[in-house]
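Visitor: I would like a close look at a single part of this model, one helix and what surrounds that helix. Please take me through that part slowly.

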Amino acid sequence: MVRQYPAGWLAAVREVVWHRNCWPVRAGRDAARCSTPALPGTWPRGRKTKRCRGDDNGVDIVPDRFDKAMVVVAHPDDPEFFCGGTIARWVREGIEVAYLICTRGDKGSNDPTMTSERLAAIREEEQRAAGRVLGVHQIQFLDYRDGELEPSLRLRGDIVREIRRFRPDVVITTDPTTRFARGIYPNHADHRVVGDVTLDALFPAAGTRLYYPEHLAEGLAPHQVSEAYLAVTNEPDFWVDTTDLIDLKIAALACHASQIGDMAALERRIRENVDPRAPSPDERPRYAEGFRRIIIRR
Ligand SMILES: [Zn+2]
């Protein structure tokens with residue numbers, strides 16, 4: 001069952017959340033500083049943006065200039081759990097965001113009446129609904145089988161193809177070195193594989209002409225991504241302040257109803273468990289998403 005949000009409600013939430021920080025800037029303090037577009041898709045394609053920093057309390061470390069970001073992960077719901085606040089923030093700032101989901105998530109149920117085929121269809125619909133909440137521009141599925149991802153040349157080629165097609169400046173994926181998250185939680189094998197293969201796709205394959213030369217015949221030229229941000233990492237060195245986007249992240253997570261037994265409990269956990277590793281001023285709660293930053297090309 002996918003939770004439905006009326007279009008007007010969504011637009012209203014977005015408007016409030018997106019402009020909470022930049023509105024006072026627009027209202028007069030320094031109108032020229034604010035470049036946040038009113039809605040996704042209204043920003044001119046390819047234009048270099050000037051960020052609206054708002055009230056960041058010094059934690060804002062979004063790179064200064066990029067236009068396109070791609071999120072390459074294993075399962076439907078990974079983007080929202082791992083980096084939903086960052087995605088919402090980047091979309092708000094006029095960055096075009098695409099998802100590449102490698103599996104169909106077709107094993108994520110213990111309901112004896114559920115089949116893999118039916119679950120895959122449900123989870124695809126849930127993922128598209130969550131993407132709409134965050135304002136994501138494109139969602140692509142590679143349709144590998146859940147729990148069976150392997151570090152294959154075929155998977156690498158499929159990821160390279162989508163990188164060459166969408167041509168992102170930055171890519172978010174999962175840290176392949178995380179065997180145990182925070183040192184105690186086992187990390188899903190698919191998360192490790194997709195991170196490993198995506199990094200190999202980013203360097204050197206996607207930017208090198210003779211890797212997957214059949215892509216040239218498809219009209220896809222080599223493309224070099226500048227940076228990768230690794231989520232689910234034990235070594236975060238890059239934090240994105242998502243404090244003013246926590247409501248939108250929770251609304252997007254709520255779309256994944258097939259994966260969440262008790263949404264109220266999840267919401268409570270998210271709001272109460274601030275990552276102790278994140279920079280946090282004393283005066284107010286601070287939500288931040290941490291990544292390990294990899295520079296591929298300067
Ligand atoms: Zn996952």
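Guide: What follows is an account of helix α6, its partner helix and the sheet. This is a predicted model, in which local features need pLDDT of at least 70 and side-chain atom pairs count only at pLDDT 80 or more, while totals for chains, interfaces and linings use all residues. Residues are numbered from 1 along each chain as its sequence is written.

Helix α6 covers residues 189–205 and packs with helix α5, residues 153–166, at an angle of about 60 degrees, with the two axes 9 Å apart. Helices here are DSSP runs (H or I, at least four residues) and strands are runs of E (at least two), numbered from the N terminus; axes are lines fitted to C-alpha atoms, for helices over the stretch in contact, and angles run from 0 to 180 degrees between N-to-C directions. That angle makes α5 oblique to α6, given that angles under 35 degrees count as roughly parallel, over 145 as roughly antiparallel, 65 to 115 as roughly perpendicular and the rest as oblique. From α5, the contact is made by Leu155, Arg156, Ile159, Val160 and Ile163, and from α6 by Val197, Thr198, Asp200, Ala201 and Ala205, where contact requires C-beta atoms, placed from the backbone, to lie within 7 Å. These residues divide into seven nonpolar, one polar and two charged; Ala, Val, Leu, Ile, Met, Phe, Trp, Tyr, Cys and Pro count as nonpolar, Asp, Glu, Lys and Arg as charged, and the others, Gly among them, as polar.

Within helix α6 is also the place of Pro204, and the peptide bond from Phe203 to Pro204 is cis, with omega near 0 degrees.

Turning to the sheet, α6 lies across β1, β2, β4 (170–174) and β7 (227–231), and runs at about 150 degrees to β4. These strands belong to an open sheet of seven strands in the order β3-β2-β1-β4-β7-β9-β8, with mixed pairing, two strands being paired if DSSP finds at least two bridges between them. At the edges stand β3 (138–144) and β8 (238–241), each with a single partner strand, so one side of each is left without a neighbour in the sheet. From one strand to the next, the twist averages 25 degrees. Beneath α6's span, strand β1 (residues 68–73) and strand β2 (residues 96–103) pair in the parallel sense over six bridges, and Ala69 stands opposite Val97 in β2.

Key:
Two residues are in contact if their C-beta atoms, placed from the backbone, lie within 7 Å.
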